[in-house]
Structure formats: C-alpha cells, structure tokens
Amino acid sequence: MTALSPSASTTRPAAPPAAPALARAAADVWRFRELLALLVLRDLKVRYKRSVLGMIWTLLNPLLQMVVYTLVFSTILRIGVPDYPLFVLCGLLPWSLLAVGTTGASTALVGNQSLIRKVAVPQAVYPLAVVGSKLADALLSIPALALLAFATGRPPGASWAWLPLALACAAAFTAGLALLLSSATVFFRDLRHLVELLFQVWFYVTPVFYPASFLEQLPVPALRAVLAANPAAPIVRLFQESVYEGRSPAASTVAFAMLAALVSLAVGGAVFTRCEHGHIHHL
C-alpha cells in the first residue's frame, strides 16, 4: 500500500460537515480509485494465475453455458426462439455480472478483514473491486457476442450503441447489491449461503433463457404482477432488445433499468455507509 500514489494515501481528510454521508462516501471511493483499479487487477491475476488458457476462460465460460442452454432448451425442449444461442448469451452476460459479482462481493469484507484492520481506506473499495473484476469479464465477452451475432445473421448495428448504457445499469445494480450484502454478511455470516440459494431462484424467474413474453402469459395475475416487479428483468431486456432484437430498447425498458440501478446503488450505498464504522467490531 505504501507504493500507492498520493491519491491512495492512508490519511483521510475531514469531509465537509454539511455534505451528505452518501456523497462523502462516493467522494472517498473516487479518491481511492487507483487502489480500486489495483484490486481489480489483483483479482484478475489471482484468478487466472498458472491457468493454461488464462483470460480465455473469460470467453469460454459464457460460451459453454450458452451451448448447454441451447442444447437443453432449444434442441431438447424446443422452446421455439429463433437464433437461440444469441438470445441466451444476451441474457447470460448481464446475469453473470449480477450473480457472480454479487455473490463474490458478499464476502469481500470478511475476506479482506486483515487489510481493513491495518489500512485506513474506504471499505467499499473491496466489494466494488469484485464488481469491477466481473465487469471486466463482461467487457471481454463483447467480442464473442459480436462474432455470434454475425454467425446468426444478426450483425451489430446502430442498436448496439445502447450496450454501454446496458452495461452501466448492470454494473450499478450489481454494485448496489454488493455493498448491501457485503455489509450485511459482516453481521450475519450465514447470509453468504442464503444469497447463493436466492440467486438460483432469482435466475429461474428472470427471462434469461426464455422470452419475457412467457411470463406475460402466466394464468395467475398475482404471479404475473410479482414477476413483473423483478428489477433484474429490465436490465436483461436492455441487452436482449438492443443486441438480439436489433432495435432501440423501449422507453419503459430503459426507464425501469435505470431506476433499478439507481435504487440499488442508493439503498446499498446508504446501508453500507451507515454500517461501515460497525464492521470493524464484527470482523
């Protein structure tokens, strides 16, 4: 840590007392952005250290999942979605960022407790570094998505310009959940196991491997209403509409995706900031 630039020094200047706590926390994280970048690089290096294929696994993981889902749902169950490999990969990219990023970040504070005790940096950098690492994976998967789009006869067009917004919404939504669950896991260690189970359930009620129209056809109105409130659905749809369907996303899809991301980030950031000083007593 001593090799960091002045922006990553261990001295934290007093924040203006009138500034909201959340804004101060965001400013602190921004001030330590170089440390955040170093933690992201450390995670990537550790994950692929001594691996024969290295970063290629970043591309192979979603592609292998795509092959499995295509075999099960398109070939065996005949779900009836044209160019199914591209459809399911459009859903898997944001879902992998959300699920892997959140579950990995949920133990970020517990796993870095020795650093937290010794180095005075904003604790939020640890869960956010995990999310940053998974975002890097998603960015590295975009070329594979483009190649598949060409192969299926749906080449990238103007609608792909929505991808940066889609990735930003997915990353912000994941960051909010990561902050919330990493803080809660410090106080309730069983939460890490519960989170993994909940994400399995969440995956099946999110239109990742089936069209969103399937949910609209459910015969139970109450169930349709509950599933329509799924905040991950508009984020996944943002990818599907701009890449698979090759059109600008509907205004409602964009609005709900941005709303989900902002609410997640605000709630997660507020809870984390409020509980941050109590973490050290439970680590």
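UniProt positions are given here in the numbering used for this chain, feature names are shortened, and annotations may be inferred rather than shown by experiment. With that caution in place, the unreviewed UniProt entry lists residues 52-72, 84-112, 124-150, 162-182, 194-212 and 250-272 under "transmembrane region". The structure itself is a predicted model, and the paragraphs below set some of its computed features beside that record.

Two of the listed segments can be described by their backbone. Over residues 250-272 the chain is 96% helix and 0% strand, with the C-alpha atoms at the two ends 33 Å apart. Over residues 194-212, by contrast, helix accounts for 58% of the chain and strand again for 0%, and the end C-alpha atoms are separated by 26 Å.

The segment that the record places at residues 52-72 brings us to a feature of the surface. Val 52, Leu 53, Ile 56, Trp 57 and Leu 64 together make a nonpolar surface patch of about 490 Å². One of these residues, Ile 56, belongs to helix 3, which covers residues 56-76. Because its relative accessibility is 44%, and the partly exposed class lies between 20% and 50%, Ile 56 counts as partly exposed.

Beyond helix 3 the chain enters the loop that leads to helix 4 (84-105), and Arg 78 lies in this loop. Arg 78 is not a glycine, and yet its phi is positive, at about 50°. Arg 78 counts as exposed because its relative accessibility is 67%, where the class requires over 50%. Asp 83 is found in the loop between helix 3 and helix 4 as well, and phi of Asp 83, another residue other than glycine, is positive and near 50°. The relative accessible area of Asp 83 is 28%, so this residue is classed as partly exposed.

A buried position can be followed in helix 8, which spans residues 163-187 and contains Ser 182. Ser 182 counts as buried because its relative accessibility is 0%, whereas the class admits values under 20%. Where do the polar contacts of the Ser 182 side chain lead? The side chain reaches the backbone oxygen of Ala 178 at 2.8 Å, and a polar atom of the Ser 182 side chain also lies 3.1 Å from the backbone oxygen of Leu 179. When residues up to four places away in sequence are left out, Ser 182 touches Ala 105, Ser 106, Leu 109, Pro 127 and Phe 272. Among these partners, Ala 105 falls in helix 4 (84-105), and Phe 272 falls in the listed transmembrane region 250-272.

Methods
Residues numbered from 1 in each chain as written. Predicted model: local features only at pLDDT ≥ 70, side-chain atom pairs only at ≥ 80, totals over all residues. Heavy atoms only, no water. Patch = residues over 30% accessible without salt bridge, like charges linked within 9 Å, V, L, I, M, F, W, Y side chains within 5 Å. Areas by Shrake-Rupley, 256 points an atom, 1.4 Å probe, with all protein chains shown as cover. Salt bridge = Lys/Arg side-chain N within 4 Å of Asp/Glu carboxyl O. Helix = DSSP H or I, 4+ residues; strand = E, 2+ residues; numbered from the N terminus. Buried < 20%, exposed > 50% of the residue type's maximum accessible area, 1.4 Å probe, protein only. Polar contact = N/O pair within 3.5 Å; in protein donor to acceptor, adjacent residues only side chain to side chain. Contact = heavy atoms within 4.5 Å.
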